[in-house]
Structure formats: C-alpha cells, structure tokens
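Visitor: Hi! Could you walk me through this one? I'll ask short questions as they come up.
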Amino acid sequence: MAGDFGKMRRVMKLHFYKMTGAGNDFVMVDNRDLALSRQLTRETIAALCDRRFGIGGDGLIAVEPAQAEGDVRMRYYNSDGGEAEMCGNGARCFTAFVHFLTQGQLSSIRFETMAGLVHGHINPDGNVTVQLTTPKDMKLHALAASDTVPAPVHFINTGVPHAVAYLDSVDEIDIVKMGAFLRYHEAFAPAGTNANFACVLSPQHLKLRTYERGVEDETLACGTGMTATALLHAVLTGAPSPISLDVAGGVTLSVAFTRVGESGFADVTLTGPAVRVFEGDIELPEA
C-alpha cells in the first residue's frame, strides 16, 4: 500500500467559473499569471468539458495577459481540447468575465484572439456587445443543393469558418447528419467548417441551428455562426441591419453591421446575454 501511495500523482485545485451565452456554455478560468498554462493540456481541457465526468461545456476559455495591443488575451478551446481562433458567444462571456474579474473596472475591453483584436462592451441593460473582426473569404453558392442538404450552401469566415444553408424550416432536420456532411466536406478541407441551417421568419428575423466543429454536435448557440448567417442573408436578400436570430437555446440575439460595397462589411457587432452560472474547484493532476 505504501508503495502505491508513493506512486500517486500530486494534484492541484483549479478554480473555475461556468458561464453561458444564450445556451452556449463555457468553463472559464483566470490565467492572468500564466500559472495554469502547463496544466491546460488538450486532454485536461477535454476532460473538464466532459458533461458526464467533468464540469461540462462547449469549450474552455482562459484569460491571459495581452501580448500586443489588447487589454487581455482570450484563449479559446473547443470541448475536444483543440484551440480555435475565436468564438462569438465565448467573446461575449469573456467580456463579462473580465468585467467581473476586474471588479467592474473594465466595462469596455480590447482583447486579443487568434482571429485578431476584438472589442467587447457591457451595455446598461446587462447584455454584452462584441465588435468582431472583419469577415472574409465569402463565397456564395459554395455548394449546390444535394440529397443531404437540400439548399445551396454559402460560406464566410467570421473569425472561424462557417457554411450556411437557408431552408424552409429547421425544426425537424437531422442536424448531426447534415452538419457532419458539411463539416468534413472536401470543399472546406483541410480546416473543415462549422455548419449553420437557418429559415427566414421575416426580412430581419431568422431562426438558426448550428453544428459546431470541435464539438462535433449541435450547440444551443454559436455567435460567429449567427453573425455568418445574418451577413450572408443580408447579401443574398438585401436585408438591412440589424438582424435578429432565434437560437436553439431559446434566446434571441442581434447582429448589426455596416455594408461596404456589394459584399463587404464593417462594424460588425453581436449583442446578447452572458451569464455566470456557478463557480467551484476541481482537482487536476500536476503536470
């Protein structure tokens, strides 16, 4: 027995917070002193995001010191432990989390992401607005309608890649089958893409469901997916800003923008709720 105890790994406690942005939920950690960097391995992050044996979340977000021009740096990891460029709902939760960590000193922040500099702001009503990076790589009719996805598929990168199809209804679709078909389609190789399926409720109001790369399943909301869906809808139909989107989490969010030419955009923002759900401690093996 003594020998077994001698082989046991030392553990450390990780203090975490759980946040949700319209049902898109995240494990949030404060790594401003970089003390957690060695512990946040791909395997550990996946274990923390596990909904049966861990805390549970669509991803993990760490607050780190800025490296260049931001106030802080946002590190975003999908639930499989892989780091991703950005996350729109995560950015809103990140803004609210930094506001909390700084005891309200930072209600407007500039933070660095792998996709570029993002601006976040706490509104008087408690909702959070983030001004996202300039969208790029738009491609209308990237794929023709098929037996699996019965509508043309369009593409845009709103910080991360998104494919979007507009259907008559999204209530009864097999989103895992359709989402995986687009996520791994050769047209979006090698990085793959997130997949969004929307229906138009009115010219400035859409209903949306999203299959997220890295989660490999439907999530209740996806901020960059909402943004991609709204912007492509504006190009295809001429719908003006802002555009509201109902998501699977039961919340309505708003995407605002300024049109630049026929297919360009500036001042793209996403507004909606970001809520701290609970906090706690969990044991991690020391690296």
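Visitor: How many of the 15 residues of α5 are buried?
Guide: In this predicted model, 13 of the 15 are buried, so α5 is largely enclosed by the rest of the structure.

Visitor: And what length does α5 reach from its first C-alpha to its last?
Guide: Helix α5, residues 223–237, reaches 21 Å, close to the 21 Å expected at 1.5 Å a residue.

Visitor: Let's take a residue there. Is Thr227 buried or exposed?
Guide: Thr227, which is found in α5, is buried, with a relative accessible area of 1%. Leaving aside neighbours within four places in sequence, Thr227 is in contact with Leu132, Thr158, Val255, Val268 and Leu270.

Visitor: What follows α5?
Guide: Gly238 does, and its phi is positive, near 80°. The loop between α5 and β15 holds Pro240 and also Pro242.

Visitor: Which peptide bond at Pro242 is cis?
Guide: The one from Ser241 to Pro242, with omega near -5°. The peptide bond from Ala189 to Pro190 is cis too, with omega near 0°, and Pro190 lies in the loop between α4 and β12. As background, most peptide bonds are trans.

Visitor: Back to Pro240, what is it in contact with?
Guide: Beyond its neighbours within four places in sequence, Pro240 is in contact with Gln204 and Phe257. Pro240 is partly exposed, with a relative accessible area of 42%.

Visitor: Let's move along the chain. How do β15 and β16 pair?
Guide: Strands β15 (243–246) and β16 (252–260) pair in the antiparallel sense over four bridges. Ile243 stands opposite Val255 in β16. The hairpin has five residues between the strands, and Gly250 in it takes a positive phi near 85°.

Visitor: How many bridges are there between β16 and β17?
Guide: Six, and that pairing is antiparallel, with β17 covering residues 264–272. Thr258 has Ala266 in β17 as its bridge partner. Three residues lie between the strands of this hairpin, where Gly261 takes a positive phi near 70°.

Visitor: Which residues other than glycine have a positive phi?
Guide: Among them are Gln103, with phi near 55°, and Asp137, with phi near 60°. In general, most residues other than glycine have a negative phi. Gln103 lies in the loop between α3 and β6 and is exposed, with a relative accessible area of 73%. Asp137 is found in strand β9.

Visitor: What else is Asp137 in contact with? I'm curious about Phe155.
Guide: I can answer from the side of Phe155: leaving aside neighbours within four places in sequence, its contacts include Asp137, Met138, Phe188 and Leu232. Phe155 is found in strand β10 and is buried, with a relative accessible area of 14%. Phe155 and His141 are 14 residues apart in sequence, and their C-alpha atoms are 7.7 Å apart in space.

Visitor: New topic: helix α4. Which of its residues are buried?
Guide: Ile175, Met178, Gly179, Leu182 and Arg183 are buried in α4, which runs over residues 175–183. They cover an arc of only 130° around the axis, which puts them on the same side of α4. It fits a general rule: an α-helix has 3.6 residues a turn, so residues three or four places apart point the same way.

Visitor: And what do the buried residues of α4 pack against?
Guide: They pack against strands β9, β10, β11, β12, β13 and β14.

Visitor: Which residues have the most contacts inside the largest nonpolar core?
Guide: Phe94 and Met226, in a core of 52 residues. Away from its neighbours within four places in sequence, Phe94 is in contact with residues including Met28, Ile61, Val72, Ile109 and Phe111. There is also a second, separate core of 19 residues, which includes Ala165, Val170, Leu182 and Tyr211.

Visitor: Last one, on the cysteines. How many disulfides are there?
Guide: A search of the whole structure finds zero.

Visitor: Why is there no bond between Cys87 and Cys222?
Guide: Their sulfurs are too far apart for a bond, because the distance is 6.1 Å, while a disulfide needs the sulfur atoms within 2.5 Å. Cys222 has the closest cysteine sulfur to that of Cys87, and Cys87 is buried, with a relative accessible area of 4%. Cys199 is in no disulfide either, as the nearest cysteine sulfur, that of Cys222, is 17 Å away. Cys199 is buried as well, with a relative accessible area of 7%.

Technical notes: Residues are numbered from 1 along each chain as its sequence is written. This is a predicted model: local features need pLDDT of at least 70, side-chain atom pairs count only at pLDDT 80 or more; totals for chains, interfaces and linings use all residues. Side-chain values use heavy atoms; hydrogens and water are left out. Buried means under 20% relative accessible area, exposed over 50%, partly exposed in between (1.4 Å probe, protein chains only). Helices (H or I, at least four residues) and strands (E, at least two) are DSSP runs, numbered from the N terminus. The arc is that of the directions from the helix axis to the C-beta atoms. Contact means heavy atoms within 4.5 Å. Two strands pair if DSSP finds at least two bridges between them. A nonpolar core is a set of buried Ala, Val, Leu, Ile, Met, Phe, Trp, Tyr and Cys residues joined through side-chain atoms within 4.5 Å. The expected span of a helix is 1.5 Å times one less than its number of residues.
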